[in-house]
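Student: I have a structure open and would like to learn how to read it. Could we go through it together?

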Amino acid sequence: MEESAHQKNSKHRQTGPGKNLPVLNVPSESHRSILNLAARRVQRGNASPDEYWRSLDELADTPEFRAMLHREFPPAASEWNDPLSRRRFLHLMGASLALAGMTACTQQPAEYIVPYVKPPEGIIPGKPQYYATAMPFGGAATGLLVESREGRPIKIEGNPDHPASLGATDIFAQASLLTLYDPDRSQTVNYLGEISTWSAFLGEVGAALESQRGTQGAGLRILTETVVSPTLAAQLRELLRQFPAAKWHQYEAVNRDNAIVGAQLAFGQPMTPLYRFENADVILAVDSDFLSCGPGSLRYAREFARRRRVSTEQPLMNRLYVIESTPNSTGAVADHRLPLRPAEIENFVRAVAAALGVPSAGAAARPDNQEWFSALVRDLQNHRGRSLIIVGDEQPPFIHALAHAINQTLGNNGQTVQFIDPVEASPVEQMQSLRELAGEMEAGRVELLIILGGNPVHTAPADLNFAARLSKVRLRVHLGLYNDETSELCHWHIPESHYLESWSDARAFDGTASIIQPLILPLYQSKSAHELLAALTGQPDRSSYDLVRDYWKANYRNPSNKTAALPVAQNAGAVGGAANNRAQTTAIPAQSANAVTAPKANTSTQTPVTASTPSASPAPVAAGSPSPASDDFEKFWRKSLNDGVIAGSAFPLKTVTAASSQISSPNNGLRTTDYGHSITLLFRPDPAIYDGRFANNGWLQELPRPLTKLTWDNAALMSPSTATRLGVDYRVSSRGGERGEIHADVIELSYQGRSVRAPVWIVPGHADNCITVHLGYGRWRAGRAGNGAGFNANVLRSSDHQWTAPGVEIKRTGDTYQLACTQFHYNMEGREIVRAASLDEFQRNPKFAHEKVEEPTAHESLYPEYEYKGYAWGMAIDLNSCTGCNACVIACQAENNIPVVGREQVLRGRAMHWLRIDRYYKGAVHNPETFFQPLPCMHCEKAPCEVVCPVNATVHDTEGLNVMVYNRCVGTRYCSNNCPYKVRRFNFLLYQDWDSPSLRPMRNPEVSVRSRGVMEKCTYCVQRIQHAKIESEKENRTIRDGEVVTACQAACPTEAIVFGNINDHSSQVAKLKASPRNYGLLAELQTQPRTTYLAAVRNPNPEINHTPQEAMK
Amino acid sequence: MQEIERHPNEQRLSDSIPVIAPGHTFASVTDKISAIVLTHRTPIGWFIGAGIAFALTMLLFVAVAYLILKGTGIWGINIPIAWAFAITNFVWWIGIGHAGTLISAILLLLRQRWRTSINRFAEAMTLFAVACAGLFPVIHLGRPWLFYWLLPYPNTMSIWPNFRSPLMWDVFAVSTYATVSLLFWYVGLIPDLATLRDRARHRFGQIVYGMLALGWRGSAIHWNRYETASLLLAGLATPLVVSVHTVVSFDFSIAILPGWHTTIFPPYFVAGAIYSGFAMVLTIAIPLRKFYGLEDFITERHLRNMAKIMLATGLIVGYGYTIEAFMAWYSSNTFEEFMIKNRMTGPYAPSYWSLILCNIIVPQLLWFRRVRGSVPGLFILSLVVNTGMWLERFIIIVTSLHRDFLPSSWGMFRPTFWDWATYIGTLGLFTALLFLFIRFLPMISIFEMRTLLPRTETGEHSAAPERRPA
């Protein structure tokens, strides 16, 4: 009780306003400061402290508190021991009677809640606030708005003003919230596995640096991931200035080496292409999953989907051709898709180039699919300047160069492709960079290695033997979120601050810079890369905030300048001391908005909160910066924080010319070699846990992969015919069945003498004779969720063949392995579930979606229809836009406190996602058409679940919501049995983690945390509806269209999900429901679903004959 | 004793084997039946059997305790198969519980006097089966401690249960059935309890049986009231026999699920219930008469009559299966067609065909008089039918759920250890209660048996089996 009271108080005092970390003039070690403060008060003789500090006194171990602990009960309790008096007797009897009458009520312990003594301005308890920040990931940043509740970030949304987000988010951004609160995150500085301190680290590394100074840092190496933070880049340059002989290496397992080298080949300089899908009529994607991964994918997906939103008024759409080896989301939405082996892809692109008259194409064999090929070429030729070739990062540089040349030949440059300087601070070929580092470590030339982020021991290709070579470095330091495989082999491990905990900055795919503002004080004793580098450059007391702010103070007039330096001299002069410095520069992160309803509506009128710090602090803004220039900067700073983007920081577009003559055919052995029947291994980042950095993120581990619907494991993906050739298969087990356990044969993959065992997964549409393995698995120090999951594909990866390993050997082992799959059955069984037609058919017959099914007539009931007088909520999901990216699934999970159940429970068919994305195949098994169908609750007007619940736990409300009353649910599960859509989820066991303290602040306080034995399901984010309703009622108006945005809708990059009031005929959702493409799933059952679908329309080239050759299994 | 009314059909009824073996007197009947209860020497076999049954009951307790501790997730259920063993067992036990009341009430009203020697333990069996059945709807809840929310009790929240839900009707149907069955059984026991009270040699037995006998003295007015009460209760119980399983069948037929949503369910469920109930009576009666030497009272005539009822109800059940398949085809509804095809050829096809074998094909042997006359044959057949009826409920529940409308949410069910433990545990509980019953209460109605006596004396002595020493 005492402990919780303390937490409560300290939370109000600390983390309450502390989300604006610098508001308080207290050091970040909040607990210690409270202790000290309380102790001081006690020492001053403050014998009768006021109520507010009561619990702190307990903590400070006052005599009273000690006495109280000793006595176990409060002082009055001792009187019970007195001899029985009449008064006492009556007292007791009265209490007994009262208790007898309310046995069901537990006695609540006395806990004092304390109001804000000085409430931070703008914070109203119970009202969320939104802060703009950005998430750096994979070499680019995505702008975010993070919802904060009483100082705790609880939900991540996209920043509509940010060019890489436009309001949408991807699964990684959504799930990064769980990483922040992950109880397995590293919490303390470690030295050789023992807990140590930051100052001890500073001492040792300082000494090591001193010894490096003599050799100008010849033994100093820094290894980072891709750096897109201008401040960090400036710090690194500063370090290299101080230690000219030191070297900075960069490595990420999922790097963009090929794109960088490809651009170098084509243009003679590193250039980054930006794609303008809004201008592209015909797109050829060469093994590129531009819709779901890579910098800018959210924006690309949105622009791409906007060109596919056909209606009777606008019956035109773009056309996407995809050639790829591994089926991915982009291929799944393609109008034409061709599975090709890597060697065939190269040949194909060459042939396209040659056919289009690109001089450097070289000789190319005629592609097998002549009809397809020539139709494509004609289509591209007919759309000069309105076409686009886009190449995936896994393709060799030569293909990238060739694509640049093709785009140029087609006149697409400047139209659908534009170029900017690379957004990476230092675009290098990362594999080469790592190879150099490994070589130097082997040679013993590295004495001090500082690894800033990343986990190279796990992610480095096996042939570099990174772990063994690492041990030859005399002093090794690792900064990381987790005490992981790399930390294990380093002397020092420094816990890294999550991006939601520390200040930083980062550039987006187009160069737009954002300030990364923290949303919460660091949960643990963590440091950011900025702070660590500052320590290395002799400024150990500088905070990230100072560093980022100083950088921008020096560079804010030229925000797109890539090579700006830190204003070192100025800092040295300006800063008196660390403590003083902190006091002077504290400011609060500007709020971007504080209303959920219109996040960006009132930003202009809002001033950033400034003086909510305790009164002792100096007026922060004016004190340090009297000059007009500073005023300017202050405005810039606040505007940038508020907007989440730094105005004018996008890189200027460059005009470049691909010098075709320079594009020479590569000689890497991959080119025209046909491997015949040998198997090529393809490495791809995992669609959910990426390169393994999210391995301990339960949300992502349990997220069904878009096409395989696998969770918790990776597998060797192959085509059905390859599986037949290898004599391997998979079978549905009776445990969980198609929605649970699949027994897969285990094969042994060997390459260059290294081998791993992997379960087999057959993917329709996979290219023959190649096997795809996903990176990121097989970790042994990831944490509780990630340890031991899957197999480590990096073992097979070599630095020469990052993405493709030709001639891999396969051996059957005879073993089987249970894979947890949430949807095995991919055949629609002839049922009209996903309805689709070609554009041509749609133009001829817009009502095609309604013809094959017997649809219910308007009213077939004995009872009168309920009349919805006010709102009638409904949702429309455009199947033409959905790319199956899963962002909605994770957004729903984060918003609605949906638990992670673990692999074992998924095997039993008990995954809990309220929103699932069904995936169906149609047509030939070697190259099927793929459809995604997101399935939230249908909120049927005649809901079958409601009738059968014996306790009225699921009922209909006056706005048409099918409401689930958790408190009333006794768990008969009849509702789920009677739900034809099977969208209800049951807590068969206690799935919610009630115990981990770090997970508690993560939960959305507006959504019940469900316990065991209770049914749950999609609520249409009823809490958001209620929020909007309250806002509207305050203003005496109705809710405007677009004011209620469900979590899935907000996250969706392609705007496929639209929610609103269908009683309002001008609302977007009502208009969509009036579309001829709109249909209700299983509407023939008379459920009258409120969630409806817009039938998919594909735009195949009429020149390509689309006849399925093989029937589906 | 009252005068025994001669039944006009008596001649025909007793033309084959008598319902009580000849040579018995009032005293011998009373001696024979009450001696089983009042003996000091409990047979060792009883201890062995009861020991096993109690061990299995303990298994049930462990399984239920673990279930309440961890949640229904210890079973193999999932989404989409949110119901499996628990509801299968519930329906199966309820079905078994049909025979007792049917024998006591309907056959009483129909004046089928041959029922006399089997009605007592059939009624007991009903009660125990209903107790086992009643356990499942409660423990299968996600939050079993809130089961009373299904009852319409006045509460401060002013919330009523949902009267549209068949689960709610179940509560009424099953609890009414259990109450009436208990009353009927107990009222029927009173004269015998008085007999035991009078014959008990121990003070303890005299007191306990005396209290239970409610002061029965056998006066004419007592008999008069007894007859009235038992007729009234029989009248009450008769519609319940039909209603309880009709309501249980609504649990399924109200739903929109293919395989559940069928109008044939009520009659077909009732017939199935009687079918399995008589099978269970046979399963119990055959070893019992053998073990306690009660062949005189439970004669082959009883066994044959029960076999005939089984054959009749089995044919009704077979008709139900046929109609299910026919309607699936006739409706030309995609989902219905798929459902029946999936039952016959899907992953649960082996269960489906074993069900057809157990419930339809094998029982056709009952057409043969020789099979009906073979006691071991009937015993094996009754076990087969019990298995078949369990499979029927399993098939209806699981195969309908596991592949419904959207192929994306198809799944499978595999029972876990705890599924089996709970099921076998209720078998243990049922058997244990039966063991207690045969040890402490007269398993055959003494006074009703005595009413049969004059008839046997006047009847033919054709197939009188050899008398055994008591």
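Student: Let me start with a single pairing: in S26(A), which residue is the bridge partner of A:Ile679?

Tutor: Happy to help! One thing to keep in mind is that this is a predicted model. The partner of A:Ile679 in S26(A) is A:Val808. That link belongs to a set of three bridges between S19(A) and strand S26 (residues 804-821) of chain A, and these two strands run antiparallel.

Student: Does S19(A) have another neighbour, and in which sense do S19(A) and S25(A) run, parallel or antiparallel?

Tutor: S19(A) and strand S25 (residues 770-774) of chain A run parallel, joined by five bridges. You can find one of these links by looking for A:Phe683, whose bridge partner in S25(A) is A:Val773.

Student: How do I read which way the side chains of a strand point, say in S19(A)?

Tutor: Follow the strand residue by residue and sort the side chains into two sets. From S19(A), A:Ile679, A:Leu681 and A:Phe683 point one way, while A:Thr680, A:Leu682 and A:Arg684 point the other way. Both sets are buried.

Student: Why is S19(A) described as largely enclosed?

Tutor: Count the buried residues, taking buried as under 20% relative accessible area. In strand S19 (residues 679-684) of chain A, six of the six residues are buried, so the strand is largely enclosed by the rest of the structure.

Student: Now I'd like to try another strand. How many residues of S15(A) are buried?

Tutor: Six of the six residues of strand S15 (residues 475-480) of chain A are buried, so S15(A) too is largely enclosed by the rest of the structure. On one side you will find A:Leu475, A:Val477 and A:Leu479, and on the other A:Arg476, A:His478 and A:Gly480, all of them buried.

Student: Which strands pair with S15(A)?

Tutor: Strand S14 (residues 448-452) of chain A pairs with S15(A) in the parallel sense over five bridges. Within that pairing, A:Leu449 has A:Arg476 as its bridge partner. Strand S16 (residues 492-495) of chain A also runs parallel to S15(A), with four bridges between them. There, A:Gly480 is partnered by A:Pro495.

Student: Let me zoom out. What does the secondary structure of chain A come to?

Tutor: Chain A has 34 helices and 38 strands. Of its 1113 residues, 62% count as buried. You can also ask how far apart in sequence touching residues lie: among contacts in chain A between residues at least 6 apart, 75% join residues at least 24 apart.

Student: And how do I read the place where two chains meet?

Tutor: The size of an interface is often given as the accessible area lost when the parts come together. Here, the area buried between chain A and chain B is about 4800 Å², with carbon and sulfur atoms giving 56%. On the chain A side, A:Arg831, A:Arg968 and A:Arg1012 lose the most area to chain B, together 16% of what that side buries. The contact takes 58 residues from chain A and 59 residues from chain B.

Student: How many salt bridges cross the interface of chain A and chain B?

Tutor: There are two salt bridges across that interface. One to look for joins B:Asp404 and A:Lys982, whose closest N and O atoms are 2.8 Å apart. The interface also has 40 residue pairs in polar contact. As for the side of chain A that touches chain B, H30(A) gives the largest share, four residues.

Note on methods: Residues are numbered from 1 along each chain as its sequence is written. Chains are lettered from A and ligands numbered from 1 in the order in which they are written. This is a predicted model: local features need pLDDT of at least 70, side-chain atom pairs count only at pLDDT 80 or more; totals for chains, interfaces and linings use all residues. Side-chain values use heavy atoms; hydrogens and water are left out. Buried means under 20% relative accessible area, exposed over 50%, partly exposed in between (1.4 Å probe, protein chains only). Two strands pair if DSSP finds at least two bridges between them. Contact means heavy atoms within 4.5 Å. Buried area is the accessible area (1.4 Å probe) that two parts lose on being put together, summed over both. A salt bridge is a side-chain nitrogen of Lys or Arg within 4 Å of a carboxyl oxygen of Asp or Glu. A polar contact is a pair of N or O atoms within 3.5 Å; within protein, one must be able to donate a hydrogen and the other to accept it, and residues adjacent in sequence count only if both atoms are side-chain atoms.
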